[in-house]
Number of protein chains: 2
Amino acid sequence: MSDAIPLARTDAALIALRRILRATEQYERELAQAVGLTPAKLRVLQILSAETGRPAPPSRLAGRMGVSQATVTALVDQLETRGYVLRERSVADRRQLLVRLTQAGAEALAQAPDALQQNFVQGFQALQDWEQAMLVASLERVAAMLNASGIDASPVLTLGEIGRPRG
Amino acid sequence: MSDAIPLARTDAALIALRRILRATEQYERELAQAVGLTPAKLRVLQILSAETGRPAPPSRLAGRMGVSQATVTALVDQLETRGYVLRERSVADRRQLLVRLTQAGAEALAQAPDALQQNFVQGFQALQDWEQAMLVASLERVAAMLNASGIDASPVLTLGEIGRPRG
DNA sequence: GGCGATTCTTTGCCAATCGAAGCATCCCCA
DNA sequence: TGGGGATGCTTCGATTGGCAAAGAATCGCC
């Protein structure tokens, strides 16, 4: 069991990473389902919402999501059908569209409240101050390591809206 | 706590988490592509490989991957067609199948060397001993928090084979 | 004025995934 | 010993997410 080789530590780190990954993916799925959406569509709404209400062109959404524009088109189509977003032509550049979150979309999004980060946020906030700081530092460090290869890694909070003292 | 708004820290943690997520997903895609496989199929091979060569029943694969058995059936079908795995009936319980990694499968897997964790593993191993320990502790802590909702979170190293000092 | 670049959509395709139904086999218990 | 229910897997049908390539509208520069 207790190996002498130091590599076991790398293993442990990767295993933990993988668990984080899986847990988060699963959360995302559950969250989406709770709102009656699919994960991809939910992500669109979340990105839009994270832009503080400003409409965003499909190209931007594609960049943020790391998918092609064709995919975004399909997703926006479906969201538009449900009335969660709407397309408006940009006046400055008429080639460009702007996808805007509607009232209905924002409400749908709001229905996916904590549910998701419940566990994490609660656990996190129960920690001592220095522990929180350490965790954040560690996570950012890991992210930086992984990100060394130059991924965009937009800071979009796909995990749901956060930092809102509910109520 | 001294800070006026402690929530900013939660935000930071979630953002970092999200970046880790995205980076890893993208890595996975690249890795799979390098081997000429899709992420899902690659994952099957990896799990099989992680079991140190012992064949595993589809149910186990499904559990590890967090997908349904129907999905595993489809994936194994395709891997079998390519000769990367083969199915054998269990003698102990003839309802059960065992999926075994073939030589060809192992070789395909071996072609997906580091590539993936290159960045992470190298960065990680360059750290001081205590830093490594701290990171592992932090990651495991985060995983535990997320996992509080009772996700299986198998310790399978879907990130690829690890602990290999690159040759 | 026109040609190349940009932005989005359309079309046609494939991979991943699920639920439900179906089938073989096992195991318990009367 | 023989059912009957549980278990393990596959099949079937459907949906979602995703891409590449071709098409259409518009822009901007020369």
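**Figure 1. Phosphate contacts to DNA strand C.** In this predicted model, a side-chain N or O atom of A:S59 lies 2.8 Å from a phosphate oxygen of DNA strand C. A:T73 makes a similar approach through its side chain, where an N or O atom sits 2.7 Å from a phosphate oxygen of DNA strand C. Chain B contributes too. The side chain of B:T71 places an N or O atom 2.5 Å from a phosphate oxygen of DNA strand C.

**Figure 2. The protein surface near DNA strand C.** DNA strand C is surrounded by 23 residues. The closest are A:T73, A:R87, B:T38, B:S68 and B:T71. Of the atoms of DNA strand C that come within 4 Å of the protein, 71% belong to sugar and phosphate. Both chains build this surface. From chain A, α3 (58-65) and α4 each supply at least two residues; from chain B, α2 and α4 each do so. The most comes from α4(B), which gives four residues. By residue class, the surface near DNA strand C holds nine nonpolar, seven polar and seven charged residues.

**Figure 3. Phosphate contacts to DNA strand D.** Two side chains of chain B appear here. B:S59 has a side-chain N or O atom 2.7 Å from a phosphate oxygen of DNA strand D. For B:T73, a polar side-chain atom is 2.7 Å from a phosphate oxygen of DNA strand D. A:A40 uses its backbone instead: a polar backbone atom lies 3.3 Å from a phosphate oxygen of DNA strand D.

**Figure 4. The protein surface near DNA strand D.** Around DNA strand D there are 22 residues. A:T38, A:S68, A:T71, B:S59 and B:T73 are the closest. Sugar and phosphate make up 75% of the atoms of DNA strand D that come within 4 Å of the protein. Again both chains take part. Chain A supplies at least two residues from each of α2 and α4 (69-81), and chain B at least two from each of α3 (58-65) and α4 (69-81). The surface near DNA strand D comprises nine nonpolar, seven polar and six charged residues.

**Figure 5. The second largest pocket.** This pocket encloses about 650 Å³ of space. Its lining counts 23 residues. Nearest the pocket centre are A:E25, A:E28, A:R43, B:E25 and B:R29. In each of chains A and B, α1 (7-35) and α2 (39-50) are the elements that give two or more residues to the lining. Twelve residues of the lining are charged, seven are nonpolar and four are polar.

**Figure 6. The largest nonpolar core.** A total of 37 residues form this core. Among its members, A:F120 and B:F120 touch the most others. Helices of both chains feed the core. In chain A, α1, α6 (118-125) and α7 (129-146) each supply at least two residues, and α1, α6 (118-125) and α7 (129-146) of chain B each do likewise. The largest share comes from α1(A), with eight residues.

**Figure 7. The fold of chain A.** Chain A has seven helices and two strands. Along the sequence, the order is α-α-α-α-β-β-α-α-α. The chain has 167 residues, and 44% of them count as buried.

Technical notes:
Residues are numbered from 1 along each chain as its sequence is written. Chains are lettered from A and ligands numbered from 1 in the order in which they are written. This is a predicted model: local features need pLDDT of at least 70, side-chain atom pairs count only at pLDDT 80 or more; totals for chains, interfaces and linings use all residues. Side-chain values use heavy atoms; hydrogens and water are left out. On a 1 Å grid over the protein atoms alone, a cavity is a set of points where a 1.4 Å probe fits but cannot get out, and a pocket is an open set with protein on both sides within 12 Å along at least five of seven lines; lining residues have an atom within 4 Å of a point. Grid points are joined across faces, edges and corners, and a volume is the space filled by probe spheres set on the points. Ala, Val, Leu, Ile, Met, Phe, Trp, Tyr, Cys and Pro count as nonpolar, Asp, Glu, Lys and Arg as charged, and the others, Gly among them, as polar. A residue is near a molecule or strand if one of its heavy atoms lies within 4 Å of it. A polar contact is a pair of N or O atoms within 3.5 Å; within protein, one must be able to donate a hydrogen and the other to accept it, and residues adjacent in sequence count only if both atoms are side-chain atoms. A nonpolar core is a set of buried Ala, Val, Leu, Ile, Met, Phe, Trp, Tyr and Cys residues joined through side-chain atoms within 4.5 Å. Buried means under 20% relative accessible area, exposed over 50%, partly exposed in between (1.4 Å probe, protein chains only).
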